[in-house]
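The following exercises concern a predicted model. Please work through each task with the structure in view before reading its solution.

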Amino acid sequence: MADTMDNSELVSILARILYEVKENKVSVDVAFKRVCKGRCVKSLEERERLYEISRRFISDYIRIMCCSNDRRLSYRGIARLWLSGVCNNELLNELHCIYSYPKWFVDRLLELMPKPEVERLLESMNKKVLWLRVNTLKSSIEGVLRGLDNEGVECVTCKEVPYMVKVLKTRKPLRLLSVVKEFKAIPQDLSSAAVVEALKPEPGDYILDLTAAPGMKTSLIMMLTDNKAKVVACDLSLRRVLIMRNLLKKLGIDLSRVNIIHTNSIMMNYRITYDKVLLDAPCSNSGAIGKDPSIKVILTEGKVQYNSTLQFKLLSKALSLANYITFSTCSILPEEGELVISRVLDRVKLVRPLNWVSNGYSIVSFNHNLMRLMPHIHESEGFFISTLQVV
Ligand SMILES: C[S@@+](CC[C@H](N)C(=O)[O-])C[C@H]1O[C@@H](n2cnc3c(N)ncnc32)[C@H](O)[C@@H]1O
């Protein structure tokens, strides 16, 4: 536990973090920042340790509730119960309790794959895997690997996507590494790179990124084309659009070739057609639980259905704007992948540009033409990827 902190102080911090997650529906990172605001601890090491404790606490929330008979336990009570360590596996027999996930979510996964595979998936989503993308607009792969080695970071490059680096061991958080501070490397998951690889951007392509902010994939499109594609990058959130503009500039993107638009893409009424559309749609984020365990606490079936409908509307718009579309979501559920595609299947032909990823779920007959990255197989976030050609 955090060295200089007594137990009641820790209980109070964890309770306030849980309050932020449950009541304000924010990520663990945002909750931690709001609660600590640099006041909780003195040193960077202590802060990192307290952050990891907070992550584990939020990740274990459903498991703690399984151990408690008292549904009205206060947030402090929940923190105290977790810290007491009495909630161990011997008390639990249901999968959703053991791995700490919503019951309906685990039940849905059990309809999609065998139980041992569901267990491996749930276990792997409880861990964070760190990936860096080398920004070849600012450095070479060798240069970044040398920089990481100098800072004592152990890592391996990805065989299939050579500019992606998996971090095995690091003393510092990624954001504090020199290569990251200099924008020569960017914390970005392998699955996110796979989406842009499936789009196959080429120099000269005119690409519409329908839901682009904060611009991680837009920047990869520009990197892969050596700043020679032209991108129209749209997003509904003004806050995220502003972050995107700033980020793209820092990453060395030629902003004269990226047109950033703050808009509702569903309403877009342009008559222009593009070579390619990227639709990295808003979703329940269930594939990103490893990065942010608060998703387990705030995920609901209603949220999945809401996003599924939104994805269908955005995909229908995308189909009217180009003949080649990559549609992706960071969701582990077929409602935000296979089942959205089944609604437009009569209008498209599916292509499968990546051969190193898994197929879609076999609840649809065309799953071999769909792509999924799975945390327990690819050590990445869970992502659904599809590439469609309009017929
Ligand atoms: C998964 S995020 C996109 C991440 C981005 N592609 C990247 O790699 O950095 C989904 C985005 O969709 C945006 N969004 C949601 N509804 C939208 C709409 N109707 N029109 C445009 N953007 C929308 C959200 O603001 C959010 O930024």
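**Exercise 1.** Determine whether Phe-366 is buried, partly exposed or exposed, and describe its surroundings.

*Solution.* Step one is to count: Phe-366 has 14 C-beta neighbours inside 10 Å. Step two is to apply the cut-offs: a residue is buried at 20 or more such neighbours and exposed at 12 or fewer. Phe-366 therefore counts as partly exposed. Step three is to place the residue: Phe-366 belongs to the loop between β11 (358-359) and β12 (371-373). Step four is to list contacts: when neighbours within four places in sequence are left aside, Phe-366 touches Leu-345 and Leu-350. Asn-135, by comparison, is 231 residues away in sequence, with a C-alpha to C-alpha separation of 35 Å.

**Exercise 2.** Establish the strand order of the open sheet of 4 strands.

*Solution.* The order is β2-β3-β1-β4, and the pairing is antiparallel. The edges are formed by β2 (154-157) and β4 (185-187), each of which pairs on one side only. On average, neighbouring strands of this sheet are turned by 35 degrees against each other, direction ignored. Turning to one pair, β1 (residues 130-134) joins β4 in the antiparallel sense over 3 bridges. Val-134 stands opposite Ala-185 in β4.

**Exercise 3.** Characterise the shell around the ligand.

*Solution.* Begin with the count: 18 residues surround the ligand, and Thr-211, Met-216, Leu-236, Ser-265 and Asp-280 come nearest. Next, sort the shell by character: 8 residues are nonpolar, 6 polar and 4 charged. Finally, assign elements: α12 (216-224) and β6 (230-235) each contribute at least two residues of the shell.

Note on methods: Residues are numbered from 1 along each chain as its sequence is written. This is a predicted model: local features need pLDDT of at least 70, side-chain atom pairs count only at pLDDT 80 or more; totals for chains, interfaces and linings use all residues. A residue is near a molecule or strand if its C-beta atom, placed from the backbone, lies within 6 Å of it. Ala, Val, Leu, Ile, Met, Phe, Trp, Tyr, Cys and Pro count as nonpolar, Asp, Glu, Lys and Arg as charged, and the others, Gly among them, as polar. Two strands pair if DSSP finds at least two bridges between them. Axes are lines fitted to C-alpha atoms, for helices over the stretch in contact, and angles run from 0 to 180 degrees between N-to-C directions. Two residues are in contact if their C-beta atoms, placed from the backbone, lie within 7 Å.
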